[in-house]
Amino acid sequence: MEMLQSDQTCCTVKETVREKYDAIARGERDCGCRMVDEFAYQDTPGYQVEADLGLGCGTPVDYADLKSGETVLDLGSGAGLDAMIAAPLVGKKGKVLGVDLAPSMVAKAKENAMAVEMDNTFFQEGDIEDLPIQDASIDVVISNCTLNLVPDKEKAYSEIARVLRPGGRFIISDVVTVGNPDPGLIRKAEEAAGCVAGAAERDAYLELIAQAGFTEPEVVRFRPLEIINKQDGLASLTIRARRQSQDF
């Protein structure tokens, strides 16, 4: 019974996330509070204003050290913002795959990529807890403010490890909680920003990554967020790490 209830809760969360982000993609709903500088990527090659819906909490591509020919997977690719910024860095010999739970976001990302003839980017619908990606086929995983929306973060990081090649790396920006924030403030922050209710506690989040078998973890940016006030207990964290070099 407990497992059934857990599965039902996960399904409900995913349905809510899918409906919300489909509505944002269609312009029927506001994205909420922008958690990253609106000019953060604007002078970056590949930036497209139509793909910037203000949904990120960091700039993971800035820390990805992408190289020509690499294959990149963007989890929760939205309208394609980070994927299209990554695309010029990996060049024509590389490719960027985007996976998103919301069909309307996938359609919008494809439309945005087609508009600028970016032919090394590919977008598809998929669940981060069960990625439609082959084992050990990805050099770099990026994600921007998406893992906090996933009910089973342990499964998500297990999937990241599965799809990465041995020695491959991830660079993820996400929202975490710090200490013991007031639940009332978290609820108000969720109402304002709409993407913080599933945030994990920072130390537990880092432990989860270690338990998934990643090495060389490094927090490259940590920034307290002030959605309601300074006592929110929420922060933006950008972390990178590598999959173990040997096969599982």
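1. In what follows, helices (H or I, at least four residues) and strands (E, at least two) are DSSP runs, numbered from the N terminus. The model under discussion is predicted, and its secondary structure comes to 6 helices and 8 strands, which, read along the sequence, follow the pattern α-β-α-β-α-β-β-α-β-α-β-α-β-β. Of the 248 residues of the protein, 52% count as buried. Among contacts between residues at least 6 apart in sequence, 76% join residues at least 24 apart.

2. Helix H2, residues 81–90, is mostly covered, in that 8 of its 10 residues are buried. The buried residues are Leu81, Asp82, Ala83, Met84, Ile85, Ala86, Ala87 and Val90, a list that a colleague may wish to follow on the model while reading on. The cover over these buried residues of H2 includes strand S1 (71–75), S2, H3, strand S3 (121–125) and strand S4 (138–144). After H2 comes Gly91, and its phi is positive, near 70°.

3. Ala102 has its place in the loop between strand S2 (95–100) and helix H3 (103–115). With a relative accessible area of 2%, Ala102 falls under the 20% limit and is therefore buried. Leaving aside neighbours within four places in sequence, the residues in contact with Ala102 are Arg18, Tyr21 and Asp22. For one of these, Asp22, the C-alpha atom is separated from that of Ala102 by 5.4 Å, although the two residues are 80 apart along the chain.

4. Two residues deserve a look for their backbone angles. Most residues other than glycine have a negative phi. Glu117, in the loop between H3 and S3, has a positive phi near 50°, and Glu216, in strand S7 (residues 214–224), likewise has a positive phi, near 55°. Glu117 is exposed, with a relative accessible area of 71%, and Glu216 is also exposed, with a value of 57%.

5. Which residue caps the N-terminal end of H4? Asp152 does so, with a side-chain oxygen that lies 3.3 Å from the backbone nitrogen of Glu154. Within H4 itself, the buried residues are Lys153, Ala156, Tyr157, Glu159, Ile160, Ala161 and Val163, so that charged side chains, Lys153 and Glu159, appear in this list beside nonpolar ones, including Ile160 and Val163.

6. The axes of helix H4 (residues 153–163) and helix H6 (residues 202–211) come within 9 Å and cross at roughly 40°, and that angle makes H4 oblique to H6. The crossing is right-handed. On the side of H4 the contact is made by Lys153, Glu154 and Tyr157, and on the side of H6 by Tyr205, Leu208 and Ile209. By class, the residues of this contact divide into 4 nonpolar, no polar and 2 charged. Of the residues that H4 brings to the contact, Lys153 and Tyr157 are also among the buried residues of that helix.

7. Strand S5, residues 164–177, contains Thr177 and also Ser173. Thr177 is buried, with a relative accessible area of 11%, and a polar atom of its side chain lies 3.5 Å from the backbone nitrogen of Glu201. Ser173 counts as buried at 0% relative accessibility. The side chain of Ser173 makes a polar contact, at 2.7 Å, with the side chain of Thr238.

8. The surroundings of Ser173 can be given in more detail. Not counting residues up to four places away in sequence, Ser173 touches Cys57, Gly58, Thr59 and Pro60, as well as Ser143, Asn144, Cys145 and Thr146, and in addition Leu237 and Thr238. The last of these, Thr238, is the residue whose side chain takes part in the polar contact already described.

9. Is Leu234, in strand S8 (residues 234–243), buried or exposed? Leu234 is buried, because its relative accessible area of 3% lies under the 20% limit. In sequence Leu234 and Pro181 are 53 residues apart, while in space the distance between them is 7.8 Å, C-alpha to C-alpha.

Technical notes: Residues numbered from 1 in each chain as written. Heavy atoms only, no water. Buried < 20%, exposed > 50% of the residue type's maximum accessible area, 1.4 Å probe, protein only. Polar contact = N/O pair within 3.5 Å; in protein donor to acceptor, adjacent residues only side chain to side chain. Axes fitted to C-alpha atoms, helices over the stretch in contact; angles between N-to-C directions. Parallel < 35°, antiparallel > 145°, perpendicular 65-115°, else oblique. Left-handed = near helix turned anticlockwise from the far one by under 90°. Contact = heavy atoms within 4.5 Å.
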